[in-house]
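Ready for a few warm-up exercises? Have a look at the model first, then try each task before reading its solution.

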Amino acid sequence: MTTVEVMKGLGPDVRTIKLNGHVGFDSLPDQLVNKHVAQGFSFNIMCIGETGLGKSTLIETLFNQRFEFTPSSHEVPQVKLKPHTYDLKEGSVKLKLTIIETSGFGDQVNKEDSSKPIIDYINQQFENFLQEELKIKRSLHTYHDTRVHVCLYFIAPTGHSLKSIDMVTMKKLDSRVNIIPVIAKSDTITKPELQRFKTRIQNEIANNDIHIYQFPTDDETVSEQNSIMKNLVPFAVVGSSDEITVNGRKSRARQYPWGAVLVDSEAHCDFVRLREAMLRVNMDDLRERTHAMHYEHYRRQRLAEMGFSDEDKLSLQEMYEKRRETHQAELQRKEEEMRQMFVVRVKEKEQELKKAEGDLQTKFEAVKKQHADEKRKLEEKRQGLDEEIAEFQRRKTAADNRNNLASGTSFTLSKSKKK
Amino acid sequence: MMSGIRGNVGRSESMRTGASVDSHDSVGGGSTGNGGSGGPGSNVRLGFANLPDQMHRKAVKKGFNFTLMVVGESGLGKSTLISSLFQQDLYKDRELGSATERVNKTTEIDKRQIELDEKGVKLRLTVVDTPGFNDAINCQDCWRPIEDYIDNTFEQYFKDECGLNRKNIVDHRVHCCLYFVSPCGHGLRPIDVELMRRLHSKVNIVPIIAKADTLTQAELRDLKERVLADLDRHKIQTYRMPDTDSDDDEETRRQESDIRACIPFAVIGSNCVVESADTGRRTRGRQYPWGVVEVENPKHCDFAKLRIFLLGTHMQDLKDITKEVHYENYRAKYITERMSKRKGAVRDDFETRKSKNTTEANFEAIVDTEGLLKEKEDEVC
């Protein structure tokens, strides 16, 4: 017989009751987890850093896989982003991992436009999600979430401080994505130098108000770990996929003439702690934050652009419908207008054609009249000619008769008789 | 050498042998006087074998000067390398700017001078640093201050050379430029290529791979190959070591070819002293949890070779190339430019004057003839 007490008070009219027996809703978290595990998770990591800082190698080391990244050259004219998606499985948990890498970052002589392609990409992913959310028939639970959950910013191991491009880029991205800065190739910095470097970077980040990802400390189970992690930022990492045998065991390391740097050793670098912080402990928090903070921020901005606001006291859906109706009405009106115009034009054309027809008709009549006139004239002429012929015949017969009477015997009518 | 000898030609052979024997003895200081006449057939020295010796003493008295320029972006270890090379901390009081200050930073020229003394030989070393190179967001023309500085030093020397009082010319010309290439990268970057293209005809460029403790042996080999291929592709002429003479001994020849195979030098610098792992000696190095890097250990990096190259064997050659090739090129270009400009001005002047004269002359001539004609007419009439 277990007794369960509900601790948090919910409001003045909500009573907290002590349970006297096991009801069974303590399996709710399990149900939730099971459902999500069946669906699978998606996680999107973006790696920003200069060419040659070991971004691809670190990802391969983090996930213990060879991902076949091709190293890029230094002569890329503009920063480009290359996303690759992989399906991983650990235990019974499926993960759809997307790695987005920058190529050509920091290589150009004029680096002013370096962050634009990155910001465009992040916004595009938010936009896609927003469109999916606003659809009438939507399928959010099967939607492949491509929003960037975490951005690993690789700092070059100069030992002095941040570079100008690091500061400017981080400042532009801190309101759109969770940033975790890491010091790349940190096996070139000795321990005391590393401490100075980290302190310097932390100060610069604080002084310039750059909001990097803060590990959450409100949950008791992870707060202790996370507060230790917080002091370790930026993580000094070393990546390697090559294995060497040390003390009889195979481990990932970098072999130098003066010794070997063991990637998995906490004394050599912060790789293990980065992996814990990012994957083991706070992965869900990163996703949560991306959705609750960065995505909402983007959404608010975007909808304000579209003309929505909260003061109209209408829900988004209604507003959307209203908008759509006005839009439809607008379209219809335009259609009517066009139709009217069409009718008017047709009428005009018809009139024109009619006039042309009338013209043709008159022409035809004129021609016909002319024709009739000419015919009449010709008839008259013919008649005249006929009369002349008749006259001539009469005269001829008269002359013949006279001849017949005169000669009496010869009936030859000489032709040569001239008149 | 034989042409300078007068008299006693018959005994020239014995003299020659005598002279060569003596030259071995006289190296190392102390002139053994002018060769007087010794006995016939014995070691009669003329003494000119001491010439190198005399030169040596004079040079030591005068002292040497050398100007070294270091170019590369911040954080590549240039200052540390200079300190390690010359065992002096030149940049103790240097202040590093924060990232905000660097957003719009322009390249500056920072000259520092020290005098070093080793076994009586004095070296006046000038190190020209270029802080701010490739720091800003927009690095367009960030190489211009460097180019202008080198041109100015040449111009200054040219003017001094043409001057009346040439006794105290100070040579500020840059004899060698160490260009630092970042080890985190797949070869040369566009800005590296741009800068080297503009400087390779004005100064001896020696490319250096900085912070070489980032790279494993295999990675280092790859990077060196790629840097050399990139230099070739963009037709950049870095400093080339002169070929060894055939009468140099095996040792020097081997050393030379070793050094030549190493370019670009992969260096590590350090301001701290550590205990070496295998010998226990205290040398400059870097202490890591996984091992100790010794700066002067040839198995760890090429620092020792760079030091031999720069200070031990090729310093004079670098100065000679600067004097004979780069400076002469600059001088010839400068003079022809000035001449063509002046010629152009003079020619224009002359042209305008000539044209004016001819028109006036013509006009006058015409007027004259007309006048003459009129006179003639009047005469006739």
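**Exercise 1: A helix and what follows**

Just after α3(B), B:Gln87 takes a positive phi of about 55°. Keep in mind that this is a predicted model.

Task: Find out which residues of α3(B) are buried.

Solution, step by step:
- Start with the cut-off: a residue is buried when its relative accessible area is under 20%.
- Go along the helix and you'll collect B:Lys78, B:Ser79, B:Leu81, B:Ile82, B:Ser83, B:Ser84, B:Leu85 and B:Phe86 as buried.
- That makes eight of the nine residues in 78–86, so helix α3 of chain B is largely enclosed by the rest of the structure.

**Exercise 2: Unusual backbone angles**

Task: Work out where B:Lys119 is found and whether B:Lys119 is buried or exposed.

Solution, step by step:
- Check the backbone: phi of B:Lys119 is near 50°, a positive value in a residue other than glycine.
- Place B:Lys119 in the loop between β2 (110–118) and β3 (121–129) of chain B.
- With 84% relative accessibility, B:Lys119 counts as exposed.
- For another case, turn to A:Asp209, a non-glycine residue with a positive phi near 60°. You'll find A:Asp209 in the loop between α5 (191–207) and α6 of chain A.

**Exercise 3: Cis peptide bonds**

Task: Which residues does a cis peptide bond join in chain A, and which in chain B?

Solution, step by step:
- In chain A, look at A:Val233 and A:Pro234, where omega is about -5°.
- A:Pro234 sits in the loop between α6 (220–232) and β8 (235–236) of chain A.
- In chain B, the cis bond links B:Ile263 to B:Pro264, with omega about -5°.
- B:Pro264 belongs to the loop between α8 (250–262) and β6 (265–266) of chain B.

**Exercise 4: Salt bridges within helices**

Task: Pick out salt bridges inside helices, and say how many residues apart A:Glu337 and A:Arg333 are.

Solution, step by step:
- Recall the general idea: side chains of opposite charge can pair when their charged atoms come close.
- Go to helix α9 (residues 316–407) of chain A, where the side chains of A:Glu337 and A:Arg333 meet in a salt bridge, 3.3 Å from N to O.
- These two are four residues apart, so about one helical turn separates A:Glu337 and A:Arg333.
- Why does that spacing suit a pair? An α-helix has 3.6 residues a turn, so residues three or four places apart point the same way.
- Accessibility comes next: A:Glu337 is partly exposed at 45%, and A:Arg333 is partly exposed at 46%.
- Now try chain B: B:Arg198 forms a salt bridge with B:Glu194, with the closest N and O atoms 3.1 Å apart. They are four residues apart in helix α6 (residues 190–199) of chain B.
- Finish with a network: A:Glu50, A:Lys163, B:Glu73 and B:Arg189 are joined by salt bridges that share partners.

**Exercise 5: Surface patches**

Task: Which helix gives the most to the positive patch on the surface?

Solution, step by step:
- List the members of the patch: B:Arg57, B:Lys58, B:Lys61, B:Lys62 and B:Lys323.
- Helix α2 (residues 51–62) of chain B gives the most, with four residues. B:Arg57 lies in this helix.
- For a nonpolar patch, go to A:Val23, A:Phe25 and A:Leu28, which together have about 310 Å² of accessible area.
- A:Leu28 lies in helix α1 (residues 28–39) of chain A, and is partly exposed at 49% relative accessible area.

Note on methods
Residues numbered from 1 in each chain as written. Chains lettered and ligands numbered in written order. Predicted model: local features only at pLDDT ≥ 70, side-chain atom pairs only at ≥ 80, totals over all residues. Heavy atoms only, no water. Patch = residues over 30% accessible without salt bridge, like charges linked within 9 Å, V, L, I, M, F, W, Y side chains within 5 Å. Areas by Shrake-Rupley, 256 points an atom, 1.4 Å probe, with all protein chains shown as cover. Salt bridge = Lys/Arg side-chain N within 4 Å of Asp/Glu carboxyl O. Lys, Arg positive; Asp, Glu negative; His and termini not counted. Charge placed at Lys NZ, Arg CZ, Asp CG, Glu CD. Buried < 20%, exposed > 50% of the residue type's maximum accessible area, 1.4 Å probe, protein only.
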